[in-house]
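The report below takes up selected residues and elements of one protein chain, and its sections can be read alongside the sequence and the coordinates.

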Amino acid sequence: MNKLSTITLNLKRFVLSVALLLTSISLVAQPEQADQEKAFAQRLYEAQMGSESEYYTVHKDFMDYLEQRHDWEKYYRTWLNRVVHEVNQRRFHRAFAEIHLLTDDIKKRHQEKYLYISNMGMGVFYNGRYQPEKGERFFRRALQGINADKDPVAMFNVYLSLAQSLSFKRPADAMACLDSLPQQMLQNPMYESGVLGYRCIIANKMNDRAGFDRYFAKYDSIRLHQPDQFNAANLQQVMVCHCLIQKDYQRALAWCDSVSVPLTATELRIDVYEQMGDWKRAFQASELKDSLMNAGELEALELHMEDMTHDIDRLMAEKKKAETRFVQLVIVGLLSLVIIGLLIGLLVYRHQKNLRMREQFQQLQEAIRNIESSQAIRRAFVTTIQEKLQSPVNVLRGYARVFNNPNFLLKPEERPKRYNDILTAARAVESLMDPLLESYARGTTGITDEERQICIEALRTPLLTLIGTTEVIIDGHGQIPHEEYMQLRSTVCRGAYHVATSTHQLLLFSLYGDDFPTPKNYRIGLNEVTRSILDSYDLHPSAVDQQRTLDTEFKTEVSDDIIINTNLLLQELVVCLIDNADKYATGGTILVTCHQDADGTYAISVANDGPTIPAADAERIFEPFVRLTASERSLGIGLALARRLARLMGYKVSLDVNYTRGARFIVSGL
């Protein structure tokens, strides 16, 4: 991600949050109501920088308040703020689902005049996924649905968001778009300072020194003389640009240190180091940037290659040492004719030994190249399949999440479109089923005929059921009785979730099947990461049919300031354990706990209320494709994947055999 795209993401957060704040103040009639909405908006703006749970609580309270007042304009804008928040947190599936729910709500309440907000949400969604051309298309659609005279605030937001889309590849057009902003809105210092900051960033991108100086003078004037109305969303980026123009590198680095987003701060430091000519630190910052963008696989390969380089250097040193000894023997032979025969024999021996070493060394190099080539080909093969499956898997998971909500209903005329999406995704997964199994078969462990049959049974059977059920719903043309339709939808929901989850786990199991150590180059709070993983998890769709009551709960025995060095794969590991607990829980609560072990390391435990696993099977359950009962039809790879990911990061996953209420798994060594 380049510098400008990172900055525009921050601007997006500012635009919609501030617009929400100002509209809640300016579009009300009674002072008491204005104060209440202003307090809600301020809490929401502050909560975006705080914890996830706090943000969702404040957002729901504000939405309930606006719904009670039937203030649909602010209601849907506040809903759009939720979409922006999910995109900023890189949770695109949630954002996409929220946009669909928002659109359905608009249609349900017959508030079609606010459909431009749905288009804005789609524009934000595509900008966040670095697809600015699609984002531009949706923002232009939004402009067509807005009355500029009646709603200048909405027009302002859409133009600013459109400028964001254009700035990815066409900064000059982005600047021209900013020129189209409603001028009456720029009379407010908070709006004006935000737009001026963005103009400074784009002008710097365009190397327009005169334009930058002109915009910065106004921007800095508001900052100094109207600090209470100054918007500081992009202050650090603007000041870094200003310091670089002034060649004040130390001050620029100081501004970089004040940026709270690590990736943004790192990218800004790269610009500073490059302009300083400090290529060493620029390279180091680039490596940090790569690690922050989840380049763990590449780093692991680089570390592996570095180790191989050391081995080659050692062998070359031994070769040089042998050659030195050979020269010494020749000199000694010339000095002593008496032992010339012995020296000749020794030289022949040494020569033969060197030839053997050279041959072994060449064989070793060839073996290394063959291994690296085969592993690279296999990983590329798996990655290609993963890229092709990512979209259909996301579609299935997204619809499973939406359909798991019994209160979410589709109109009969809407069903063909939604279920055609599911059918298309399911058929895409079906078409790649054999390559998917082949990717696992090419791993280091291989796959037996029995294991392949388990994969086919656990994936293809529910997939065909999913396809068949979806086709029944589509062919019904909306005429299926409601009760029967809800049963069919429940089958689709379970099948979509099962196929998406199983396919994702099998891909990960294959992708990380080469046992390359994964560096722990990500620092984060233990409680923070664990709580975030649990909050983002959606309970298994089968819970609806089992008529069970299941909750989740997080407890911790460590303080919030405990920081661990880990890898982003920790999230996949813990999700595997939570998913397993969800699958076999009979009710009660899935409890996730953080605690400290006796050796000073930390641990995460996941427990449920349900059947107890016999101690004799405590290790067997971690083997791939193991099923403890003959009636079970799951893939049986979740716990095996959890242990494989733990091993790559240097952790340990085990079953607590002393836990008798259900099953309790512990990730230790953190």
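## A salt bridge from helix α3

E67 has a relative accessibility of 29% and therefore counts as partly exposed. In this model, which is predicted, E67 forms a salt bridge with R109, and the closest N and O atoms of the two residues are 2.8 Å apart. The pair links distant parts of the chain, since E67 belongs to helix α3 whereas R109 lies in the loop between α5 (92-108) and α6 (115-128), 42 residues apart. R109 counts as partly exposed as well, with a relative accessibility of 25%.

Helix α3, which covers residues 52-68, also contains H59. Is H59 buried or exposed? With a relative accessibility of 4%, H59 counts as buried, because the cut-off for that class is under 20%. When residues up to four places away in sequence are not counted, H59 touches L44, T78, W79, N81 and R82. One of these contacts, R82, also belongs to a network of salt bridges that links E52, R82, E86, R91 and E98.

## The chain as a whole

The secondary structure of the chain comes to 24 helices and seven strands, and buried residues make up 52% of its 670 residues. Among contacts between residues at least 6 apart in sequence, 69% join residues that are at least 24 apart. The accessible surface of the chain comes to about 32,100 Å², and carbon and sulfur atoms account for 53% of that area.

## Other salt bridges

Side chains of opposite charge can pair when their charged atoms come close. A search of the whole structure finds 26 salt bridges, among them one between R170 and D173, in which the closest N and O atoms are 2.9 Å apart. Both partners fall into the intermediate class of accessibility, for R170 is partly exposed with a relative accessible area of 36%, and D173 is partly exposed with a relative accessible area of 35%.

A further salt bridge joins E619 to R643, with the closest N and O atoms 2.6 Å apart. This pair, too, links distant parts of the chain, because E619 is placed in the loop between β5 (602-609) and α24 (638-648), while R643 is in helix α24, 24 residues apart. E619 counts as partly exposed, at a relative accessibility of 48%.

## An enclosed helix and a nonpolar patch

How many of the 16 residues of α8 are buried? The number is 15, so this helix is largely enclosed by the rest of the structure. Its length is also consistent with the expected rise: at 1.5 Å a residue, the 16 residues of helix α8 (residues 152-167) should span 22 Å, and the end C-alpha atoms are 22 Å apart, which agrees.

Elsewhere, F326, V327, V330, I331, L334 and L335 make a nonpolar surface patch of about 590 Å². Of these residues, L334 has its place in helix α16 (residues 296-335), and L334 is exposed, with a relative accessible area of 67%.

## Loop residues with positive phi

Two loop residues call for attention because of their backbone geometry and their accessibility. H70 has a positive phi of about 55 degrees although it is not a glycine, and its place is in the loop between α3 and α4 (72-88). At 55% relative accessibility, H70 counts as exposed.

N207 likewise is not a glycine, yet has a positive phi of about 60 degrees. This residue sits in the loop between α10 (189-205) and α11 (209-225), and N207 is exposed, with a relative accessible area of 71%.

## R661 and its contacts

R661 lies in the loop between β6 (652-655) and β7 (662-668). At 55% relative accessibility, R661 counts as exposed, and with residues up to four places away in sequence left out, R661 touches N608, D609 and G610.

The contact with D609 includes a polar contact between the two side chains, at 2.9 Å. The C-alpha atoms of R661 and P611 are separated by 7.6 Å, although these two residues are 50 residues apart along the chain.

Terms used: Residues numbered from 1 in each chain as written. Predicted model: local features only at pLDDT ≥ 70, side-chain atom pairs only at ≥ 80, totals over all residues. Heavy atoms only, no water. Helix = DSSP H or I, 4+ residues; strand = E, 2+ residues; numbered from the N terminus. Buried < 20%, exposed > 50% of the residue type's maximum accessible area, 1.4 Å probe, protein only. Contact = heavy atoms within 4.5 Å. Patch = residues over 30% accessible without salt bridge, like charges linked within 9 Å, V, L, I, M, F, W, Y side chains within 5 Å. Areas by Shrake-Rupley, 256 points an atom, 1.4 Å probe, with all protein chains shown as cover. Salt bridge = Lys/Arg side-chain N within 4 Å of Asp/Glu carboxyl O. Polar contact = N/O pair within 3.5 Å; in protein donor to acceptor, adjacent residues only side chain to side chain. Expected span 1.5 Å × (residues − 1).
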